[in-house]
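Here is a short briefing to read alongside the model. Please keep the viewer open as you go through the points.

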Amino acid sequence: MRDLAAGVRSFQQEVFPAKAELFAGLAARHAPDTLFISCSDARVVPELITQREPGELFVVRTAGNLVPAHMPYADGTAASIEYAVAVLGVTDIVVCGHSSCGAMTALAEGHDLSGAPAVAGWLRHADAAMTGVPGSATGAARVAALVRENVLAQLTRLTTHPAVAGALSRGALTLHGWVYDIATGAVENLTGAVENFTPAARPAA
Ligand code: ZN
């Protein structure tokens with residue numbers, strides 16, 4: 001906690017004054033253009049990966065970057081998605097999976113989650129992704145395959161949300177599926193050629 005307090009002091013004394021004009025504008029204007037859905041994993045930092053400033057990304061983070069399909073009752077994820085699309089009018093949604101994902105590893109390797117029943121229940125939202133993983137894939141390759149399948153499955157589930165379906169039908173929204181590699185900084189685009197990422201440099205040996 002001491003580290004957090006020191007961080008706040010540093011923000012207030014050094015970072016905030018340098019961007020005071022930006023923050024003054026943001027106080028009266030919330031107009032992000034992208035909804036970024038990532039894992040809650042502490043190693044995945046959407047604003048850092050995309051080099052976005054405050055106010056530019058509307059972020060939803062869930063364990064395993066899972067998106068529950070639309071249901072008749074409201075939940076926090078659905079409300080955030082609806083708000084981003086229907087109220088803020090974002091033009092893009094990125095679902096970003098990542099390497100070494102604990103949630104995907106637990107599923108791919110069939111971990112015993114009896115001591116974490118909420119996690120076990122939540123991970124059922126990746127059931128469809130599991131069906132896309134080749135039975136022959138094992139170890140790290142199996143986890144990596146599930147990470148990719150999961151991003152694609154969650155993009156499909158996004159389209160069950162009425163606000164998303166409506167914006168897609170009007171051509172007002174584009175969906176993107178990415179996978180971020182923690183060790184190299186590489187970002188793989190699973191959903192087309194819109195983003196042309198240059199291959200990330202390998203860390204110095
Ligand atoms: Zn994760």
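Domain bounds here come from an automatic or database domain assignment. On that basis, the protein chain divides into domain 1 (1-30) and domain 2 (31-189). Please bear in mind that this is a predicted model. The points below take up the two domains, the salt bridges, the zinc site and a buried asparagine.

**How the two domains meet**

- The centres of domain 1 and domain 2, taken over C-alpha atoms, are 28 Å apart.
- Six residues from domain 1 and seven residues from domain 2 take part in the contact.
- Between them, the two domains bury about 560 Å², and carbon and sulfur atoms account for 63% of that area.
- One salt bridge is counted between domain 1 and domain 2.
- The count of residue pairs in polar contact between the two domains, with both residues at pLDDT 80 or more, is also given as one.

**Salt bridges**

- The general idea will be familiar: side chains of opposite charge can pair when their charged atoms come close.
- How many salt bridges does the count come to? There are five salt bridges, and three of the pairs are described here, starting with lysine 19 and glutamate 53.
- Lysine 19 and glutamate 53 join through their side chains, with an N to O distance of 2.8 Å. Lysine 19 sits in the loop between helix H1 (2-18) and helix H2 (20-26), while glutamate 53 sits in the loop between helix H3 (46-50) and strand E2 (57-62), so this pair ties together parts that are 34 residues apart in sequence.
- Is lysine 19 buried, partly exposed or exposed? Lysine 19 is partly exposed at 27% relative accessibility, and its partner glutamate 53 is partly exposed with a relative accessible area of 31%.
- Arginine 148 and glutamate 188 form a salt bridge at 2.5 Å, N to O. Arginine 148 belongs to helix H8 (residues 139-158) and glutamate 188 to strand E5 (residues 187-189), so the pair ties together parts that are 40 residues apart in sequence.
- Arginine 148 has a relative accessible area of 31% and is partly exposed; glutamate 188, at 33% relative accessibility, is partly exposed.
- Glutamate 56 and arginine 52 also meet in a salt bridge, at 3.4 Å from N to O. Glutamate 56 is partly exposed at 28% relative accessibility, and arginine 52 is partly exposed with a relative accessible area of 40%.

**The zinc site**

- Which atoms coordinate the zinc ion? The donors are Cys39 (SG), His98 (NE2) and Cys101 (SG), at 2.1 to 2.3 Å.
- Along the sequence, the donor residues of the zinc ion follow the spacing C-x58-H-x2-C.
- Histidine 98 and cysteine 101 are both buried.

**A buried asparagine**

- You will find asparagine 65 in the loop between E2 and helix H4 (76-87).
- Asparagine 65 has a relative accessible area of 2% and is buried; the cut-off for buried is under 20%.
- Leaving aside residues up to four places away in sequence, asparagine 65 touches a set of residues that includes the zinc donors Cys39 and His98.
- Among the other contacts of asparagine 65 are Ile37, Ser38, Val95, Cys96 and Gly97. Asparagine 65 also touches Asn150, Val151 and Gln154.

Terms used: Residues numbered from 1 in each chain as written. Predicted model: local features only at pLDDT ≥ 70, side-chain atom pairs only at ≥ 80, totals over all residues. Heavy atoms only, no water. Salt bridge = Lys/Arg side-chain N within 4 Å of Asp/Glu carboxyl O. Helix = DSSP H or I, 4+ residues; strand = E, 2+ residues; numbered from the N terminus. Buried < 20%, exposed > 50% of the residue type's maximum accessible area, 1.4 Å probe, protein only. Contact = heavy atoms within 4.5 Å. Donors = N, O, S within 2.8 Å, 3.2 Å for Na, K, Ca; no water. Buried area = accessible area lost by both parts, 1.4 Å probe. Polar contact = N/O pair within 3.5 Å; in protein donor to acceptor, adjacent residues only side chain to side chain.
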